[in-house]
Amino acid sequence: MKKENLFDIIGDVDEQKVATAGRAMTEKKKSRPVWFKWTAMAACLCLMLVAFPIIQNFSNTQEVDTIELGEVLEYSAERVERALIGEYRGNILHSWGEPDFVLTDTSDKYYLDEDDSKYIILYYDNEGYITEFTFGED
Amino acid sequence: MEDRDIVNLYWQRNQDAIRETASKYGGYCKSIAKNILGSNEDAEECVNDTYLNAWNSIPPHRPNILSTYLGKITRHLSFDRFRHKNADKRGGGEIALVLDELAECVSGSESVENEFARKQLVEEINAFLNTLPQEKCNIFLCRYWYAIPVTEIAKRFRMTENNVSVTLNRIRKNLKIYLTERGYDL
């Protein structure tokens, strides 16, 4: 067969396929209206504003979630506060086990070093969540 | 105007059919003719011949897809014109390259073909096209049915020219294997 014959024969293939190929070649892809771009950008901005604190909180939660009693000294008071009080309270407490001293019904004392010199006192509310803490040294 | 209405105009022997056809599909037909012939003037003539041919063939035909029906006439007329004008020399539009590429699928020998054998071969090629992913099928037909330059295909399908050439090369090879396995000695 000659190449011209093959070209001729290809001319008789399924017209539906030919039409589809023709459309694929000629149809303009619909361009999005201008408002679409600005709406998308605004939506992204809103998403970032909403997502950022959540991600940050999640990251903070992850950061303090594994805090151990012995590690408290390595953390700043601010981070301990984040870990023990407010929305993170209750996350850590039970992993510390029994306190060194039960001071009152709503406060416990934990020593933080082997010398039993530095300590932290945790204050609880009626539901058992930590509301406050203090560092001290004997 | 809807295609169905244009076809009805042909059937009613209303000459508005030509005007409506030219308005809706003039550019489409001209691009096919231009791809094959390379010359604007020749393409124009072929497109005008296409309208005449459509006028003479509808009725009795009632095309399912008017665009392809007209495109097929244009393609046929343009290729005929190309063969007559280029019997002794190369040239024309994209078609010379297209034919060179298709030469890889055939032996180049003379073959006696009857209408039945031709229809069977068309069916086999259709079956082969059915095995291709949609995009590859489109690329193949854009090149070998519409004779569209590789550059334009690449642009349209967001591929590199090299990627299109490689894709076409693989499809041609697979087509040859497909047809050979089914007893066609092209």
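This is a short chat about the contacts between two chains and some local features of a predicted model.

User: What am I looking at, an experiment or a prediction?
Analyst: A predicted model.

User: OK. How many residues of chain A are in contact with chain B?
Analyst: On the chain A side there are 27, and they are in contact with 46 residues of chain B.

User: How much area do chain A and chain B bury between them?
Analyst: About 3500 Å², and carbon and sulfur atoms account for 64% of it.

User: Which residues in chain A lose the most area to chain B?
Analyst: Met1(A), Phe7(A) and Met25(A). Together they make up 24% of what the chain A side buries.

User: And how many salt bridges go across?
Analyst: Four are found across the interface of chain A and chain B. One of them joins the side chains of Lys3(A) and Asp100(B), at 3.2 Å from N to O.

User: What about polar contact? How many residue pairs?
Analyst: There are 13 such pairs across the interface, with both residues at pLDDT 80 or more.

User: Which elements of chain A give two or more residues to that side?
Analyst: Helix H1 (3-10) and helix H2 (15-26) of chain A. H2(A) supplies the largest share, ten residues.

User: How do the residues on that side divide by type?
Analyst: Eleven are nonpolar, eleven are charged and five are polar.

User: Switching topic. What is the strand order in the chain A sheet?
Analyst: The order is E1-E2-E3-E4, in an open sheet of four strands with antiparallel pairing. Strand E1 (101-104) and strand E4 (130-137) are the edge strands, each pairing on one side only.

User: How much are neighbouring strands turned against each other?
Analyst: By 25 degrees on average, ignoring direction.

User: How many bridges pair E2 and E3?
Analyst: Five, linking residues 107-111 of E2(A) with residues 118-124 of E3(A) in the antiparallel sense. Within that sheet, Tyr111(A) has Tyr119(A) in E3(A) as its bridge partner.

User: Now chain B. Where is the cis peptide bond before Pro59(B)?
Analyst: That bond joins Ile58(B) and Pro59(B), with omega about -15 degrees. Pro59(B) sits in the loop between helix H3 (40-57) and helix H4 (66-85) of chain B. A cis bond also joins Pro59(B) and Pro60(B), with omega about 15 degrees, and Pro60(B) lies in the loop between H3 and H4 of chain B.

User: Why would anyone point out a cis bond?
Analyst: Because most peptide bonds are trans.

User: Last one. What is phi of Arg13(B)?
Analyst: Near 55 degrees, a positive value in a residue other than glycine. Most residues other than glycine have a negative phi. Arg13(B) is in the loop between helix H1 (3-11) and helix H2 (16-37) of chain B.

Key: Residues numbered from 1 in each chain as written. Chains lettered and ligands numbered in written order. Predicted model: local features only at pLDDT ≥ 70, side-chain atom pairs only at ≥ 80, totals over all residues. Heavy atoms only, no water. Contact = heavy atoms within 4.5 Å. Buried area = accessible area lost by both parts, 1.4 Å probe. Polar contact = N/O pair within 3.5 Å; in protein donor to acceptor, adjacent residues only side chain to side chain. Nonpolar A, V, L, I, M, F, W, Y, C, P; charged D, E, K, R; others polar. Pairing = 2+ DSSP bridges. Axes fitted to C-alpha atoms, helices over the stretch in contact; angles between N-to-C directions.
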